[in-house]
Amino acid sequence: MSDTVGTVAAVDLGATSGRVMLGHVGPNELRLEPMTRFPNGPVEIDGELHWNITGLYESVLAGLTEAARRAPNLASIGIDSWAVDYGLLSGGRLLAEPFHYRDGRTARGVEAVHAAVPFSELYAENGLQFLPFNTLYQFAADGDRLNDADTALLIPDLFAHWLTGARVSESTNASTTGLLRVDGDWNDALIRRLGLNRSLLAPLVQPGETIGTLLPQVAEQTGLSSSVPVTAVGSHDTASAVVGIPMTTGDAAYISCGTWGLVGLELDAPVLTEASREANFTNEGGVDGRVRFLHNVMGLWLLSESVRTWERESGTAIDLPALLGEAAAVSSPVPVFDANDPRLMPPGDMPARIAELLRETGQPVPQSRAEFTRSIIESLADAFARAVETASRLAGTNVSVIHIVGGGSLNTLLCRLTADRAGLPVLAGPVEATAIGNVLVQARAVGLLEGDLESLRALTATSFEPRRFEPRARR
């Protein structure tokens with residue numbers, strides 16, 4: 001391992017925004033430098049929700065072009081994104097913009113899959129919690145549309161294909177499809193049972209493996225050398241985020257909080273008990289063979305979609321920091337609702353749906369935006385605290401601290417209320433944990449760093465000091 005600092009590029013694509021970051025890395029240095037940030041979100045086409053994936057790719061190329069200008073000796077590129085969604089290819093051509101996981105078509109896919117394989121059997125096979133948009137349900141909903149394709153690539157794998165020409169399935173993201181066995185290989189028996197075409201699925205690669213080098217046309221367009229490798233990272237953004245968490249003890253829980261809140265533990269083996277299935281906890285692949293034992297909570301989607309509704313109604317932009325400040329100042333009790341209610345998943349009038357949930361439980365509906373916001377944050381904190389407690393109980397471990405990373409780590413009210421409701425200290429940050437984890441896996445792969453995940457996290461802990469929130473007595 002060299003003592004010099006090298007540079008890699010992290011392409012980090014979230015459900016509401018994307019970014020390209022340079023990571024400057026050495027044995028005693030870890031520093032991020034943003035190249036570009038760009039919005040992301042669903043687009044409606046003929047009543048269906050899709051991703052503008054080709055537009056997103058153009059934004060990625062622009063970021064890599066800037067990276068080439070600032071780091072002509074770039075050592076590697078890594079790509080992570082949200083999970084479960086995919087592009088269908090035929091002869092190398094994208095057949096259509098990929099569906100968004102919030103599109104309502106997935107309901108018919110759930111019915112078809114569970115008619116063939118009951119959920120209890122599925123859980124024993126893949127260890128995944130029930131989410132109606134998991135890839136196997138989307139495949140079932142697509143039906144004959146799959147017959148027009150020769151390859152299905154999850155979003156990071158699709159971008160890697162466009163950059164290198166290679167067709168692979170990175171393992172951490174593939175683990176969210178529902179089509180891997182819990183030991184990490186494609187489940188050929190389940191694939192046949194569901195009537196799916198096995199040839200659609202590309203060979204698996206592990207984080208740290210080289211996917212390929214840049215195609216000549218990509219190198220020419222960006223100004224990068226065609227010898228630059230694209231390295232597989234934890235391409236599910238939560239897998240990268242977990243690598244980037246500065247966990248220095250083995251008794252920590254994590255919350256990767258953005259559009260979604262992914263709440264759980266890092267384990268050495270899956271938990272496949274009946275109690276885990278009933279609690280709807282998932283076992284997803286992590287870097288270095290670790291298991292991400294976690295539960296999905298609706299996350300800051302509840303707040304962002306509420307803000308969009310209020311802005312649409314008023315015709316004016318909302319100052320989110322000011323709104324959160326007003327919410328923090330609310331002194332009277334606010335109602336708490338089930339942040340995991342599936343009716344809160346689609347886009348639309350979020351405050352109206354929350355109000356409906358509150359009326360169903362006989363609770364008063366907040367009258368001001370500040371009270372509504374406080375109710376949302378209290379409900380998220382309650383869901384986070386309950387998920388941490390459940391994960392600890394199901395895994396048979398004691399949790400002494402909770403790490404919150406991602407955009408939610410900047411939300412002081414959310415961090416404070418999570419500590420209060422969990423009765424545990426919360427360490428908040430870094431906000432860019434996903435990009436950091438992406439960078440760390442690349443850096444180790446190209447020889448800029450060495451060691452296990454704990455060694456990589458130690459570098460994060462010394463480079464990005466988290467904020468600490470101690471639990472307070474509940475009022």
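The following exercises, each with a worked solution, concern a predicted model of a protein chain.

Residues are numbered from 1 along each chain as its sequence is written. Local features are considered only at pLDDT of at least 70 and side-chain atom pairs only at pLDDT 80 or more, whereas totals for chains, interfaces and linings use all residues, and side-chain values use heavy atoms, with hydrogens and water left out.

**Exercise 1. Describe the overall build of the chain and decide how its compactness relates to that of a globular protein of its length.**

Begin with the secondary structure: the protein chain holds 17 helices and 20 strands, where helices (H or I, at least four residues) and strands (E, at least two) are DSSP runs numbered from the N terminus. Next, take the radius of gyration, which is computed over C-alpha atoms and compared with a globule rule of 2.2 Å times the number of residues to the power 0.38. The value is 22 Å, close to the 23 Å that the rule gives for 475 residues, so the chain is as compact as a globular protein of that length. Finally, the C-alpha trace spans about 60 × 55 × 50 Å along its principal axes, and 72% of the contacts (heavy atoms within 4.5 Å) between residues at least 6 apart in sequence join residues at least 24 apart.

**Exercise 2. Place Ala9 in the fold and determine which residues it touches.**

Ala9 belongs to strand E1, which covers residues 6-13. Its relative accessible area is 0%, and Ala9 is therefore buried, a class that means under 20% relative accessible area, with exposed over 50% and partly exposed in between (1.4 Å probe, protein chains only). Leaving aside residues up to four places away in sequence, Ala9 touches Met21, Leu22, Leu64, Leu74, Ser76, Ile77, Gly78, Asn438 and Gln442. Val20, 11 residues away from Ala9 in sequence, lies 6.8 Å from it in space, C-alpha to C-alpha.

**Exercise 3. Examine the backbone at Asp46, Val84 and Pro430, and establish whether Asp46 is buried or exposed and whether Val84 is buried or exposed.**

Asp46, in the loop between strand E4 (42-45) and strand E5 (48-51), has a positive phi of about 50° although it is not a glycine. Because its relative accessibility is 77%, Asp46 counts as exposed.

Val84, in the loop between strand E6 (77-81) and strand E7 (86-90), has a positive phi of about 70° and is not a glycine. Its relative accessibility is 4%, so Val84 counts as buried.

The last step concerns a peptide bond: the one from Gly429 to Pro430 is cis, with omega near 10°, and Pro430 sits in the loop between strand E19 (426-428) and helix H16 (433-445).
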